[in-house]
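Reader: Hello! I am new to reading protein structures, and I would like a close look at a single part. Could you pick one strand and walk me through its surroundings?

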Amino acid sequence: MATTLAPVLTAHWDADRSWTLQTYEDNGGYRGLRRALNMQAPDVVTMVKDSGLRGRGGAGFPTGMKWGFLPAPDGGPRYLVVNADESEPGTCKDIPLMMASPQHLIEGVIITSYAIGCHHAFIYVRGEVLHVYRRLLRAVEEARAAGYVGTDILGSGYDLEITVHAGAGAYICGEETALLDSLEGLRGQPRLKPPFPAVAGLYARPTVVNNVESIASVPGIVVGGADWFKQMGTERSTGHGLFSLSGHVTNPGQYEAPLGITLRELLEMAGGMRGGRALKFWTPGGSSTPIFTAEHLDVPLDYESVGAAGSMLGTRALQIFDETTSVVRAVTRWTEFYKHESCGKCTPCREGTFWLAQVLQRIERGQGTSADIDLLLDLCDNILGRAFCALGDGATSPITSAVQYFREEFEAGCHTPADVLFPPERSALFDYRPRSGAQLAGAH
Amino acid sequence: MSVEAGRTPGQTHRTAYDEDTHARLAADAAQIIARYPQERSALLPMLHLVQAEDGYVSPRGIAFCAATLGISTAEVSAVATFYTQYKRHPNGEYTVGVCTNTLCAIMGGDAIWEHLSDELGIGHDETTDDGAITLERIECNAACDYAPVVMVNWEFFDNQTPESADELVGKLRAGEPVAPTRGAESVCSFKQMSRVLAGFPDGRADEGVGAGGPTVRGTVLARENGWEAPAFPGDEPSDAQQSTKPSSGPDASAATHTPKAGDEQSSAERPAATAADSSAAQQENKQASDEAKES
């Protein structure tokens with residue numbers, strides 16, 4: 001039998017008032033916390049280590065091991081900071097999770113905090129999702145009223161405060177040290193490492209920074225045990241994960257499946273490509289992961305297989321584009337995004353993304369020169385590995401991979417505008433007549 | 001209260017809050033500061049609070065933050081100018097943001113942007129003369145399965161078209177209430193929104209839906225097909241269950257697969273995936289090697 005879906009986090013998202021504590025408890029919520037509080041904290045860490053859970057925010061580092069890197073308690077505070085700054089283009093899993101079932105995250109925060117000896121946890125949510133912030137504030141209120149947050153939680157003697165903090169619009173704050181600076185009330189710029197957050201994080205204290213989905217997966221692991229979790233996924237990429245299909249598919253949406261499922265399987269579940277058109281290119285895990293093409297439909301979507309095929313599993317943000325789409329237009333727009341979001345701290349990224357956008361914009365206009373492709377690749381080479389943080393590296397991924405698979409389209413940019421080769425109205429979901437010669441590039 | 005000229009011709013800034021307003025803001029600020037171990041962390045929510053009062057990050061708001069937190073106005077301004085949600089001139093009653101990042105743009109976001117910009121006669125980060133609408137090109141707002149997306153005061157308006165967006169801004173300009181696809185029952189004002197973002201709930205969390213169709217598409221499909229995750233050990237598997245392997249029960253010996261940082265299965269050897277996470281890999285790699293040196 002082909003791989004099927006495995007709803008764990010998503011199992012009750014369609015329940016009536018799914019976001020309330022009542023609904024969450026009616027469906028088994030907070031059993032994990034009760035079980036965890038009856039365990040020794042280090043045993044909770046061991047259980048998560050044994051489950052093989054890897055970070056769901058993109059890098060895929062083993063979550064339990066990350067917790068294990070905290071130095072021994074010295075009597076001072078240690079912090080858990082949840083990275084809920086979901087902003088990677090194409091990524092749309094944590095925001096719906098927190099909208100539909102914020103208690104999943106809150107229970108995970110409490111268990112994780114208990115496991116690592118934290119008494120004040122923070123959820124840093126991007127500021128551009130008003131209703132999600134409302135739901136998170138309410139979820140903490142409800143958890144507090146039920147005795148899950150505050151002092152002497154469920155009579156265990158364990159105390160925890162949770163602060164939900166709204167950001168103010170900056171992609172870079174998804175980078176964990178930039179997030180910590182932002183949470184400290186500074187400009188969100190990445191820090192020099194070492195020291196790493198586990199040693200000197202928030203307020204220079206030992207800190208764990210984890211993604212929303214990682215933390216929300218913890219209650220299930222504590223209830224079901226490490227072996228339950230490992231029944232799903234592959235040997236090295238265990239468990240369930242949210243796969244977010246968007247773009248030119250018939251039924252875009254969230255599909256929670258064991259890691260290792262393929263896009264071919266997911267596409268079939270999503271009703272195939274819209275209008276039966278052909279798949280042209282897709283991202284396996286957001287715009288910072290090198291693009292794939294139709295030849296990668298059967299790559300198992302786990303960390304190892306996607307890496308071996310030349311990309312990264314990233315956030316499982318499957319942005320799918322059909323044959324009507326100009327890859328030059330897509331890549332130019334992503335590049336403008338990186339230029340806009342570059343924090344300006346380091347030169348390769350700040351200057352490099354600016355020049356990448358300049359060159360790509362003229363290729364998109366059909367005014368590229370014969371040297372431009374090499375110039376693009378040279379610029380990428382001068383950013384990749386030389387930038388202060390991963391934003392610069394990510395900016396090069398769509399460009400180098402798109403040139404690898406679709407070099408002729410960039411070459412065509414020496415004489416023909418992208419919107420002539422690929423009229424944009426054919427890619428849109430509705431009929432419209434584009435402005436003649438519209439040039440939107442670099443409007444901000 | 002004194003008034004000084006702003007940098008925009010004809011614009012003036014009030015330079016201080018009156019006594020009552022100051023007392024009210026000071027009480028709010030004290031609540032914000034109490035949420036954090038260190039008071040400087042209160043700056044971002046305090047800037048949202050300033051916008052809730054003045055509709056933008058005003059000079060007097062900057063001065064208020066600086067005085068309250070014991071930092072300079074330059075330090076406050078440095079932060080305020082870093083983040084796109086902090087507005088440097090008075091914002092409209094509603095921020096209308098059209099996602100023009102790649103996916104939304106290609107699905108029709110560019111067409112929506114062109115249409116609204118033409119209809120309203122304004123460009124990015126400009127405000128209509130009636131003060132109703134500030135138009136923005138926005139980046140990915142994590143709703144790609146609902147593309148093309150428009151945000152109004154950061155509430156979701158999913159699956160938009162030029163026509164639906166046109167109707168939306170028409171209602172906003174006419175002062176009629178509009179309801180987001182996923183959010184509260186109606187969109188609040190920019191100032192009201194800013195107060196929530198400062199961490200003061202408006203009691204509307206229980207309004208609206210839990211999810212839209214695409215969000216629950218997998219949930220519904222799995223139920224229709226009887227697909228379930230493995231049952232928890234000790235739980236009764238449900239009748240609908242087809243694909244679940246029998247629970248193997250606790251088996252500690254099988255559960256000891258712990259990749260070491262730097263091994264081929266660890267993320268430390270992989271290139272960074274996203275800005276959000278790559279640093280973790282570098283971090284643990286370094287720490288693991290440090291530990292290895294110590295042991």
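Author: Happy to! One definition comes before we start: two strands count as paired if DSSP finds at least two bridges between them. Keep in mind, too, that this is a predicted model.

Our part is strand β5 of chain A, which covers residues 240-247. Let us begin with a partner. His240(A) stands opposite Pro258(A), a residue of β6(A). That strand, β6, spans residues 253-258 of chain A, and six bridges join β5(A) to it, with the two running antiparallel. How many residues lie between the two strands of this hairpin? There are five between β5(A) and β6(A).

Now for another partner of β5(A): strand β9 of chain A, residues 317-322. Here the pairing is in the parallel sense, and it extends over four bridges. To find this pairing in the picture, look for Ser246(A), which stands opposite Gln319(A) in β9(A).

With those partners in place, is β5(A) buried or exposed? A residue counts as buried if 20 or more other C-beta atoms lie within 10 Å of its own. Eight of the eight residues of β5(A) are buried, so the strand is largely enclosed by the rest of the structure.

Let us step back to see where this belongs in the chain. The domain assignment of chain A gives domain 1 (21-230), domain 2 (240-322) and domain 3 (327-427). Compare those bounds with the residues of our strand, 240-247, and with those of β9(A), 317-322.

What about the other two domains? The C-alpha centres of domain 1 and domain 3 of chain A lie 35 Å apart. Their contact takes eight residues from domain 1 of chain A and nine residues from domain 3 of chain A. On the domain 1 side of chain A that touches domain 3, five residues are nonpolar, two are polar and one is charged.

Finally, chain A has company. In chain B, 105 residues are in contact with 132 residues of chain A. Several elements of chain B give two or more residues to the side that touches chain A, including α2 (43-54), α5 (102-120) and α9 (278-294). By class, that side of chain B has 53 nonpolar, 34 polar and 18 charged residues.

To retrace the route, start at β5(A), follow the hairpin to β6(A), and then return to β5(A) to find the parallel pairing with β9(A).

Notes
Residues are numbered from 1 along each chain as its sequence is written. Chains are lettered from A and ligands numbered from 1 in the order in which they are written. This is a predicted model: local features need pLDDT of at least 70, side-chain atom pairs count only at pLDDT 80 or more; totals for chains, interfaces and linings use all residues. A residue is buried if 20 or more other C-beta atoms lie within 10 Å of its own, exposed if 12 or fewer, and partly exposed in between; C-beta atoms are placed from the backbone. Two residues are in contact if their C-beta atoms, placed from the backbone, lie within 7 Å. Ala, Val, Leu, Ile, Met, Phe, Trp, Tyr, Cys and Pro count as nonpolar, Asp, Glu, Lys and Arg as charged, and the others, Gly among them, as polar. Domain bounds come from an automatic or database domain assignment.
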